[in-house]
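Please look through the sequence and the structure below. The paragraphs that follow go from single residues to a pair of packed elements.

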Amino acid sequence: MAASGENLRINPERLWESLEEMAKIGPGIAGGNNRQTLTDADGEGRHLLKRWAGAAGLSMGLDRMGNMFFTRAGTDPGALPVSMGSHLDTQPTGGKYDGVLGVLGALEVLRTMNDLGIQTRRPITLINWTNEEGARFAPAMLASGVFAGVISEDYALSRQDPEGKRFGEELARIGWAGEEAPGARKFHSYFELHIEQGPILEAEGTDIGIVTHGQGLWWLEFTLTGKDAHTGSTPMHLRRNAGLAMARIFELVQEVAMAGQPNAVGGIGQVFFAPNSRNVIPGSVTFTVDIRSPDLGKLSRMRAAIESGAAEICAALQVGCAVEPVGHFDPVPFAPELVARVRAAADHLGYSHRDIVSGAGHDACWLAKVTPSTMIFCPCEGGLSHNEAEAITPAWAAAGTDVLLHAVLETAEIIR
């Protein structure tokens, strides 16, 4: 290691205290968090991060998407920074560690460098990406997508939440709209620490996941249009039931995903009925299909099968069917040289590890388009995430952050 073989470690108690302190902002109703993007709670969490980063001597930048950049100077002012980070926003019933570990783990890396008087040739930048979750404003990874040039800024700022509130207006309302052009910053590399959000590492008793790829995905928003009618007085053969069409499409998604095994998943997580009355046949239904695979060809075939099958179902029931892609990225291979660096750090520190594919989307999937990127996974209990019961141990958090520390120092070229 460039760290001269030193067995450098972060301060695990400080990291855990930071995670618990951030979790007090936007508490959920069952022990987790509801800190959705661009809410007042999101703004409060950003202020806390800014205070901590300022105390660590980091300078802050802010772009027009609200992405926050905190930089520790290197000895070479012309060198591109090594970056690391994740997101502070959560699902409506989210956990305390999804995304947050990556942000506060990165902060702990920089705090540890300060404690030990470590200097690097390259600057190091901590990033908090806006709206990774996509729970309030679709699609997910919105602001990192704009940064990477795969989503237009105008499109992103015009996105609306279920109440019709616009992304750009809400960002300005909470006071976190910057002036820097998204993507103006250039990075040497990007590392993202994250909980696995799956059960593999815990089940195997493995400390670290070396993330080699990210799955590709499509989010397909279906709007089905039938006719509102009384459930008691409308004959069955005269109904144009958007709800029935939806149910049959649900079955279709399951069938397509199962036919694509292995390495294919599909499901539906969000549904809106109208008029949503107990004695009215729904005249309109909007729902989002989520399909994923690390195989691009398989992912494309799944989308085609679902869209064509849904059209046939709706035609048979005399229900209109419109489909809008609201989220997509191709499968992502992470940078081999950074993957190798993470693996070397885990070996150096004596942590057990295995190669793994990310089942979830992450900001690193977009960053990989503009700079070499990779991810580090730590276990989570039962593989549970996007749930208030999401849990990790202090030891898992510390191990992942230790690996992040060493991989980043190696990449930023430690001086001492």
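Asn128 has a relative accessibility of 1%, so it counts as buried, the limit being under 20%. The model in which this value was computed is a predicted one. Asn128 belongs to strand 4, which covers residues 124-128. A polar atom of the Asn128 side chain lies 3.0 Å from the backbone nitrogen of Leu88. What else is Asn128 in contact with, leaving aside its neighbours within four places in sequence? The list consists of Arg46, Leu49, Gly66, Asn67, Met68, Ser86, His87, Leu88 and Val103.

Two residues in that list, Leu49 and Val103, lead on to a pair of helices. Helix 2 spans residues 40-55 and helix 3 spans residues 100-116. Their axes are 10 Å apart, and the two helices pack at an angle of about 15°. Because angles under 35 degrees count as roughly parallel, helix 2 is described as roughly parallel to helix 3. The crossing of the two helices is left-handed. On the side of helix 2, the contact is made by Leu49, Trp52 and Ala53; on the side of helix 3, Val103, Leu104, Leu107 and Arg111 take part. Of the residues in this contact, six are nonpolar, one is charged and none is polar. Leu49 of helix 2 and Val103 of helix 3 thus appear both in the helix contact and among the residues in contact with Asn128.

A second asparagine, Asn241, sits in a loop, between strand 8 (229-230) and helix 8 (242-259). Is Asn241 buried or exposed? Its relative accessibility is 18%, and because the limit for buried is under 20%, Asn241 counts as buried. A polar atom of the Asn241 side chain lies 3.1 Å from the backbone nitrogen of Leu244. Not counting residues up to four places away in sequence, Asn241 touches Ile281, Pro282 and Val319.

The last residue to look at is Glu20, in helix 1 (residues 12-23). Glu20 has a relative accessible area of 29%, and is therefore partly exposed. Which residues is Glu20 in contact with, leaving aside its neighbours within four places in sequence? They are Lys96 and Tyr97. Glu20 and Lys96 are 76 residues apart along the chain, and their C-alpha atoms are separated by 7.9 Å.

How values were computed. Residues are numbered from 1 along each chain as its sequence is written. This is a predicted model: local features need pLDDT of at least 70, side-chain atom pairs count only at pLDDT 80 or more; totals for chains, interfaces and linings use all residues. Side-chain values use heavy atoms; hydrogens and water are left out. Axes are lines fitted to C-alpha atoms, for helices over the stretch in contact, and angles run from 0 to 180 degrees between N-to-C directions. Helices (H or I, at least four residues) and strands (E, at least two) are DSSP runs, numbered from the N terminus. Angles under 35 degrees count as roughly parallel, over 145 as roughly antiparallel, 65 to 115 as roughly perpendicular and the rest as oblique. A crossing is left-handed if the near helix is turned anticlockwise from the far one by less than a right angle, and right-handed if clockwise. Contact means heavy atoms within 4.5 Å. Ala, Val, Leu, Ile, Met, Phe, Trp, Tyr, Cys and Pro count as nonpolar, Asp, Glu, Lys and Arg as charged, and the others, Gly among them, as polar. Buried means under 20% relative accessible area, exposed over 50%, partly exposed in between (1.4 Å probe, protein chains only). A polar contact is a pair of N or O atoms within 3.5 Å; within protein, one must be able to donate a hydrogen and the other to accept it, and residues adjacent in sequence count only if both atoms are side-chain atoms.
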